Amino acid sequence: MRIAHIINPVKVPPGRDLFFAQPVTFETMRIAKETASNLDIHQYAAFFPEDEDIIPEFLTKTPPLDRSILDICRFPKKKKLPYIKDILDRLYYHSSADYFIYTNADIALTPEFYLHTAELIQQGYDGFVINRRTISKRYSQVEDIPKMLDGIKKGRMHPGFDCFVFKREAYPRFHLGQGCVGANWIGRILLCNLMAF
């Protein structure tokens, strides 16, 4: 079983939640892959050219993203939001893995994440969502990861959808329209495709 996981890192100014969350995401991805050394896991990044320098070396870089919602719409606040289709297309065309994973860039993984994901796949699930838990904001640094892991059981279930696992062969049937990462309800677009296909 081969698993390919993609995220969309973005450079943000200090003080934003993502400024603290992304380094934690990167480190927990590295740890989870190391913990699942018996599995064939490949990790990818889809990014705009201006965000490339924050991507850690262990993530395979796909060709840079070349369009955003700003190419078709004007908003009072200009946010360069990428299309989820462009991100997943890069994974599809650059990986022949059996299963794909997409997570938001602020989703930290437990060390056993890939092991548990593989167990669910082996049980026969061809697509599923793994929901996150919201933990204390007191912990925000890479060195706080052990405390974050200790806080998971006390954390609150989150109602949104941030982590998607699905068979590669299902992806060509997905209808993603102009759904953008960073926009409200993006998770529901992926969820509906997983349910349909």
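Reader: Which residues are exposed on the other side of α5?
Author: Happy to start there, keeping in mind that this is a predicted model. Exposed means over 50% relative accessible area. On the other side of helix α5, the residues that count as exposed are M195 and A196.

Reader: And which residues of α5 are buried?
Author: Helix α5 covers residues 186-196. To count as buried, a residue must have under 20% relative accessible area. In α5 the buried residues are I186, G187, L190, L191, N193 and L194.

Reader: Within what arc do these buried residues fall, seen down the axis of α5?
Author: A helix turns in a regular way: it has 3.6 residues a turn, so residues three or four places apart point the same way. In α5 the buried residues line one face of the helix, because they fall within an arc of 160°.

Reader: What do the buried residues of α5 pack against?
Author: One of the partners is a helix, α2 (84-94). The others are β4 (99-103), β5 (127-129) and β8 (163-167). In short, the buried residues of α5 pack against α2, β4, β5 and β8.

Reader: Let's turn to charged pairs. How far apart in sequence are the parts that K11 and D53 tie together?
Author: K11 and D53 form a salt bridge, with their closest N and O atoms 2.9 Å apart. K11 lies in the loop between β1 (2-7) and α1 (17-35), while D53 lies in the loop between β2 (40-45) and β3 (60-61), so the pair ties together parts whose separation in sequence is 42 residues.

Reader: Is D53 buried or exposed?
Author: The cut-off for exposed is over 50% relative accessible area. D53 has a relative accessible area of 61%. Its partner K11, at 41%, is partly exposed, but D53 is exposed.

Reader: Where do E34 and R30 lie?
Author: The side chains of E34 and R30 meet in a salt bridge (3.2 Å, N to O). The two residues are four residues apart, about one turn of the helix. E34 is exposed at 55% relative accessible area, and R30 is partly exposed at 31%. Both lie in helix α1.

Reader: Which residues are linked with R30 in a network of salt bridges?
Author: One of them you have just met, since E34 forms a salt bridge with R30. The network also includes E27. Linked with R30, then, are E27 and E34.

Reader: How many salt bridges does the count come to?
Author: Another of these pairs is E52 with K61, whose closest N and O atoms are 3.2 Å apart. E52 is partly exposed at 32%, and K61 is partly exposed at 41%. For salt bridges, the count comes to 11.

Conventions: Residues numbered from 1 in each chain as written. Predicted model: local features only at pLDDT ≥ 70, side-chain atom pairs only at ≥ 80, totals over all residues. Heavy atoms only, no water. Buried < 20%, exposed > 50% of the residue type's maximum accessible area, 1.4 Å probe, protein only. Arc of directions from axis to C-beta. Contact = heavy atoms within 4.5 Å. Salt bridge = Lys/Arg side-chain N within 4 Å of Asp/Glu carboxyl O.
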